[in-house]
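Trainee: I'd like to go through this one with you, piece by piece. Can we start from a single residue and work outwards?

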Amino acid sequence: MVEVYYYVPVEEFENAVECGLKLSKWHDKEVSIGIDKTKCISALLNPKDDIEKYNSDKFKCLKFELYQRYCYVADRYLYDVGLVHSDIMKLYLDSIMPIENYTFGLYRFPECLITSTIIGDQISILDKRLDSPVLFDNSEELYTNNIIEDYRDEDSSFNDTLLYHYYSHLVERKELKRYEDDKTVIFLDEEIERPFVIKKPTI
């Protein structure tokens, strides 16, 4: 069984918990999985992946406990961009995989594609204080941290390169001043009189 999360308007949550969610009514997309076009309900792997609804009093977060065979994972950002660019929609369709094959942090915004009706016995209301803990704060943070860690492992100068370009951006916005020699760049925050010393990157 897998646990995934889904937001419903507060006026509908009691009926959802009692009666379940019919795929024919609640599906929000139809995508190719294998050779078949399949209706899907798009849920979340982490309730904080939609932080606006998580903090809103207009929605209730439901927790589904589902059989793996009805669950796939795909990258929702690819879907959103794919609605405008067909090349990216192909990447979205290629990103769909059975949930048991998914590794956390692989997609920036993973969505769980549920391909079956969800019955009431599979639904509970998320208790933010007492529910089972989620292993990471949100999927986007995990995704970006994983990319940064991979580059750090490959390139010992990555931190300097990252900070150099970020601070250069702040210089363009006139928030910092810049001083340099052949090897070193000093970015100065005059407001707090703090220098940031960065080795000049080669890229």
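Mentor: Sure, start with R108, which counts as partly exposed at 33% relative accessibility; that class sits between buried (under 20% relative accessible area) and exposed (over 50%), with a 1.4 Å probe and protein chains only. Keep in mind that this is a predicted model, where local features need pLDDT of at least 70, side-chain atom pairs count only at pLDDT 80 or more, and totals for chains, interfaces and linings use all residues. Residues are numbered from 1 along each chain as its sequence is written, and side-chain values use heavy atoms, with hydrogens and water left out.

Trainee: Where does R108 lie?

Mentor: Helices (H or I, at least four residues) and strands (E, at least two) are DSSP runs, numbered from the N terminus. On that scheme, R108 falls in the loop between β6 (97–98) and β7.

Trainee: Which residue forms a salt bridge with R108?

Mentor: A salt bridge here is a side-chain nitrogen of Lys or Arg within 4 Å of a carboxyl oxygen of Asp or Glu. Contact means heavy atoms within 4.5 Å, and beyond its neighbours within four places in sequence R108 has contacts that include D75, Y77 and Y143. The salt bridge, with the closest N and O atoms 2.6 Å apart, is made with E140.

Trainee: How many residues apart in sequence are the parts that this pair ties together?

Mentor: E140 is in helix α6 (residues 139–154) while R108 is in the loop between β6 and β7, so the pair links separate parts of the chain. E140 is partly exposed, with a relative accessible area of 27%. The parts are 32 residues apart in sequence.

Trainee: Which residues are joined into one network by salt bridges that share partners?

Mentor: A search of the whole structure finds 12 salt bridges. One of them joins K29 and D28 at 3.6 Å, N to O; K29 is buried at 5% relative accessible area, whereas D28 is partly exposed at 43%. The network is made of D28, K29, R76 and E111.

Trainee: Which element gives the largest share of the largest nonpolar core?

Mentor: A nonpolar core is a set of buried Ala, Val, Leu, Ile, Met, Phe, Trp, Tyr and Cys residues joined through side-chain atoms within 4.5 Å. The largest has 25 residues, and V4, F64 and I114 have the most contacts inside it. Elements giving two or more residues include α1 (13–19), β3 (36–44) and β4 (59–66). The largest share, 4 residues, comes from β1.

Trainee: How many residues are in the second, separate core?

Mentor: Look for V31, I33, C40 and L113, which are among its members. The count is 9 residues.

Trainee: What radius of gyration does the protein chain have?

Mentor: The radius is taken over C-alpha atoms, and the globule rule is 2.2 Å times the number of residues to the power 0.38. A compact globule of 203 residues would come out near 17 Å. The C-alpha atoms fill a box of roughly 70 × 40 × 30 Å along the principal axes. The protein chain itself has 22 Å.

Trainee: What percentage of contacts between residues at least 6 apart in sequence join residues at least 24 apart?

Mentor: The protein chain has 7 helices and 11 strands, and 38% of its 203 residues count as buried. For the contacts you ask about, the value is 67%.
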